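Biologist: I am new to this structure and would like a close look at a single part of it. Please choose one part, go through it step by step, and then say how it sits in the rest of the chain.

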Amino acid sequence: MAPATSPRRSRSGGRARLLRSPKVATGSLILLFFVLLAAFGPMAAPHSPDWRASRLDNVPHPPSGQFWLGTDVQQHDLFSQLLAGGRDTLLIAFVAGGIATVLSVIVGVSAGYLGGKADEVLSILTNIFLALPGLLILMVVMKMMPDGDTGNPLLIGAVIALSAWAWGARVLRAQTLALRNQDYVESARVVGESRV
């Protein structure tokens, strides 16, 4: 009979296996690369984002040794704009993902756990946000904002999260409904455990 391992040892062994996985290592390196690019990219950019190669010419330059990604019609260096815009893009992505995850958990788990009228109301709300196009929500909300706030990455991330939480909420509601009807939950209720 094999000796029983403690939960602490099995958890640390699972983490070590996870860190040795080539997929996890590759994904972590890619994420680290983009985080470093967002953090230090503006300092490494060859030009400022609004720098123009020429004010006389409206023909974009193709990629070359001077302009790695070429230029746009207004002669802006696309590589410099990519490096300068990476920080805001990453911030928007993390804010939108974080807020959407929190909303998904709150709405989805509450709907599945409470049931009844609360489930109906939260499910209707989720279906409304699933049916609305995300770009339309983004445009309507951003149109109501003052002109100075439309470039704020935190605000843009929050507005994107408004249209991104519904799919996660539906999945979490289904998982909560499945767990709510398990035998061990019913037996806990029979012996007098509270719902909270």
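Modeller: A helix here is a DSSP run of H or I that is at least four residues long, and helices are numbered from the N terminus. Under that numbering Arg 15 belongs to helix 1, residues 7-20. The model is a predicted one. The protein chain has eight helices and zero strands, and its pattern along the sequence is α-α-α-α-α-α-α-α. Its radius of gyration is 25 Å, well over the 16 Å that the globule rule gives for 196 residues, so the chain is more spread out than a compact globule. Along the principal axes, its C-alpha atoms fill a box of roughly 80 × 55 × 25 Å.

The part I choose is helix 3. Helix 3 has 37 residues, 78-114, and at 1.5 Å a residue these should span 54 Å; the C-alpha atoms at its two ends are 51 Å apart, which agrees. The helix has a bend of about 40° at Gly 85. After helix 3 comes Gly 115, with a positive phi near 65°.

On the other side of helix 3, the loop that joins helix 2 to helix 3 contains Gln 75. Gln 75 is not a glycine, yet its phi is positive, at about 70°. Its relative accessible area is 0%, and the cut-off for buried is under 20%, so Gln 75 is buried.

Next, the buried side of the helix. Phe 79, Ser 80 and Leu 83 are among the buried residues of helix 3, and so are Ile 92, Val 95, Ala 96, Ala 100, Ser 104, Val 107, Gly 108, Ala 111 and Gly 112. An α-helix has 3.6 residues a turn, so residues three or four places apart point the same way. The buried residues of helix 3 pack against four other helices: helix 2 (22-44), helix 4 (116-131), helix 6 (153-162) and helix 7 (166-180).

Ala 84 is also in helix 3. With a relative accessibility of 24%, Ala 84 counts as partly exposed, because that class lies between 20% and 50%. Beyond the residues up to four places away in sequence, Ala 84 touches Pro 42 and Pro 49. Ala 44 is 40 residues from Ala 84 in sequence, and their C-alpha atoms are 9.0 Å apart.

Several buried residues of the helix belong to a nonpolar core. The largest such core has eight residues: Ala 100, Val 107, Ala 111, Leu 122, Ala 161, Trp 165, Ala 166 and Ala 169. Helix 3 and helix 7 are the elements that give two or more residues to this core. Helix 3 supplies the largest share, three residues. Apart from this core lies another, of seven residues, including Ile 137, Val 141, Leu 155 and Ile 156.

Two members of the eight-residue core show what meets helix 3 there. Trp 165 is in the loop between helix 6 and helix 7. Its relative accessible area is 4%, so Trp 165 is buried. Leaving out neighbours within four places in sequence, Trp 165 contacts Ala 100, Leu 103, Ser 104, Val 107, Leu 125, Thr 126 and Phe 129. Trp 165 and Ala 96 are 69 residues apart along the chain, with 9.2 Å between their C-alpha atoms. The other member is Ala 169, which touches Ser 104, Val 107, Gly 108 and Thr 126, again without counting residues up to four places away in sequence.

As for the rest of the chain, 61% of the contacts with a separation of 6 or more are between residues 24 or more positions apart. Of the 196 residues, 20% count as buried. The chain exposes about 13,700 Å², and carbon and sulfur atoms supply 68% of that area.

Two residues outside helix 3 complete the picture. Met 145 lies in the loop between helix 5 (134-144) and helix 6, and a relative accessible area of 25% makes Met 145 partly exposed. Leaving aside neighbours within four places in sequence, Met 145 is in contact with Thr 150 and Leu 155. Arg 15, in helix 1, is exposed at 55% relative accessibility. Arg 15 and Arg 189 are 174 residues apart along the chain, and their C-alpha atoms are separated by 35 Å.

Notes: Residues are numbered from 1 along each chain as its sequence is written. This is a predicted model: local features need pLDDT of at least 70, side-chain atom pairs count only at pLDDT 80 or more; totals for chains, interfaces and linings use all residues. Side-chain values use heavy atoms; hydrogens and water are left out. The expected span of a helix is 1.5 Å times one less than its number of residues. The bend at a residue is the angle between axes fitted to the seven residues ending there and the seven starting there. Buried means under 20% relative accessible area, exposed over 50%, partly exposed in between (1.4 Å probe, protein chains only). Contact means heavy atoms within 4.5 Å. The radius of gyration is taken over C-alpha atoms; the globule rule is 2.2 Å times the number of residues to the power 0.38. Accessible areas come from the Shrake-Rupley method with a 1.4 Å probe; for residues, only the protein chains shown count as cover. A nonpolar core is a set of buried Ala, Val, Leu, Ile, Met, Phe, Trp, Tyr and Cys residues joined through side-chain atoms within 4.5 Å.
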